[in-house]
Amino acid sequence: MQDRLSTQETQLGEATKLTATACGQTLPDSIAAYVINLDRSFDRWEHIQSEAERLGLVVERVAGVDASKVSLAEAPFYLHRAFVRANGRPMLQAEYGCYLAHMSAIRTFLASSADTAIIMEDDVSLQADLVERAAAILAAAPSADVVKLLNHRTVFHRSVARTSHGDDVGRCLFGPKGLLLAIW
């Protein structure tokens, strides 16, 4: 996977690390938490920092990609016909920017010493049981390469396992092949 990721380079900002010390709910060293945040969305970063501090989590900021500064015409991995066939419309420029930001977060994770990563966008609402539920998902799906967390868009979801917290883990027939997801 890392070989494929290294060919998808783009110029992105530096990552910023937030160390939180509030409630003592810390991720094990083997799990990293990343938050994708556009440079212009300082208020969102402040909000997610506040939530992380409240929960005692350590999160690392990964700069989002401004969609107005990327071009689908120059997207080396965008297959227009295939995307239209699968989605019924062309890819939006904002979707491509989001994709690039997630790829940057994945590259940041792969360059770290962590075994597992939680990658979030800056509009997520952090829950007090995030660490426990993430550990339960890992236990329920130990061979998964990618787990997408969601609480909606569950059409075409096939259950594979249920975590000790009651979250459903299964295969999703949309998105990348082989994607596992946990429904909260």
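The following exchange asks how several descriptions of this predicted model are justified.

Reader: What makes the pairing of Arg44 with Asp122 a salt bridge?

Author: The closest N and O atoms of Arg44 and Asp122 are 2.8 Å apart, and because the cut-off for a side-chain nitrogen of Arg and a carboxyl oxygen of Asp is within 4 Å, the pair qualifies as a salt bridge. The pair links distant parts of the chain, with Arg44 in helix H2 (residues 42-55) and Asp122 in the loop between strand S4 (116-121) and helix H5 (130-140), 78 residues apart. A search of the whole structure finds 7 salt bridges, counted by that criterion.

Reader: Why is Asp122 called buried, and why is Arg44 called partly exposed?

Author: Asp122 has a relative accessible area of 8%, and since buried means under 20%, Asp122 is placed in that class. Arg44 has 39% relative accessibility, which falls between the 20% limit for buried and the 50% limit for exposed, so Arg44 counts as partly exposed.

Reader: How do you know that Asp129, Arg133 and Asp167 belong to one network?

Author: Asp129 and Arg133 form a salt bridge in which the closest N and O atoms are 3.7 Å apart, and Asp167 forms a salt bridge with Arg133 at 2.5 Å; each value satisfies the requirement of being within 4 Å. Asp167 lies in the loop between strand S6 (157-162) and strand S7 (168-172), while Arg133 is in helix H5, so the pair ties together parts that are 34 residues apart in sequence. Salt bridges that share partners thus join Asp129, Arg133 and Asp167 into one network.

Reader: Which residues of this network are buried, and which are partly exposed?

Author: Asp167 has a relative accessible area of 2% and Arg133 has one of 12%, and because the limit for buried is under 20%, Asp167 is buried and Arg133 is buried. Asp129, with a relative accessible area of 27%, lies in the interval from that limit up to 50%, and Asp129 is therefore described as partly exposed.

Reader: What makes the contact between the side chains of Asp168 and Ser159 a polar contact?

Author: The distance between the two side chains is 2.5 Å, and the cut-off for a polar contact between N or O atoms is within 3.5 Å, so the contact of Asp168 with Ser159 is counted as polar. Asp168 is found in strand S7, and its relative accessible area of 11% is under 20%, so Asp168 is buried.

Reader: How do you know that the length of helix H4 agrees with what a helix should span?

Author: At 1.5 Å a residue, the 18 residues of H4 should span 26 Å, and the end C-alpha atoms of H4 are 26 Å apart, so the two values agree. The buried residues of H4 include Tyr96, Leu100, Ser104, Ile106 and Phe109.

Reader: Why is Ser104 counted as buried?

Author: Ser104, which lies in helix H4, has a relative accessible area of 8%, and since the limit is under 20%, Ser104 counts as buried. Ser104 and Ile36 are 68 residues apart in sequence, yet their C-alpha atoms are 9.1 Å apart in space.

Reader: What makes a group of residues here a nonpolar core, and which residues have the most contacts inside the largest one?

Author: The members must be buried nonpolar residues joined through side-chain atoms within 4.5 Å, and the largest such core has 16 residues, those with the most contacts inside it being Tyr34, Val65, Val70, Tyr78, Met91, Tyr96 and Leu100. Strand S2 (31-37) and helix H4 (93-110) each supply at least two residues of this core, and the largest share, 5 residues, comes from H4. A second, separate core of 15 residues includes Ala33, Val35, Ala52 and Val59.

Reader: Which residues does Met91 touch, leaving aside those up to four places away in sequence?

Author: Met91 touches Leu72, Tyr78, Phe83 and Tyr96.

Reader: How many helices and strands does the protein chain have, and what percentage of its residues is buried?

Author: The secondary structure comes to 5 helices and 8 strands, and buried residues make up 38% of the 184 residues in the protein chain.

Note on methods. Residues numbered from 1 in each chain as written. Predicted model: local features only at pLDDT ≥ 70, side-chain atom pairs only at ≥ 80, totals over all residues. Heavy atoms only, no water. Helix = DSSP H or I, 4+ residues; strand = E, 2+ residues; numbered from the N terminus. Buried < 20%, exposed > 50% of the residue type's maximum accessible area, 1.4 Å probe, protein only. Contact = heavy atoms within 4.5 Å. Expected span 1.5 Å × (residues − 1). Polar contact = N/O pair within 3.5 Å; in protein donor to acceptor, adjacent residues only side chain to side chain.
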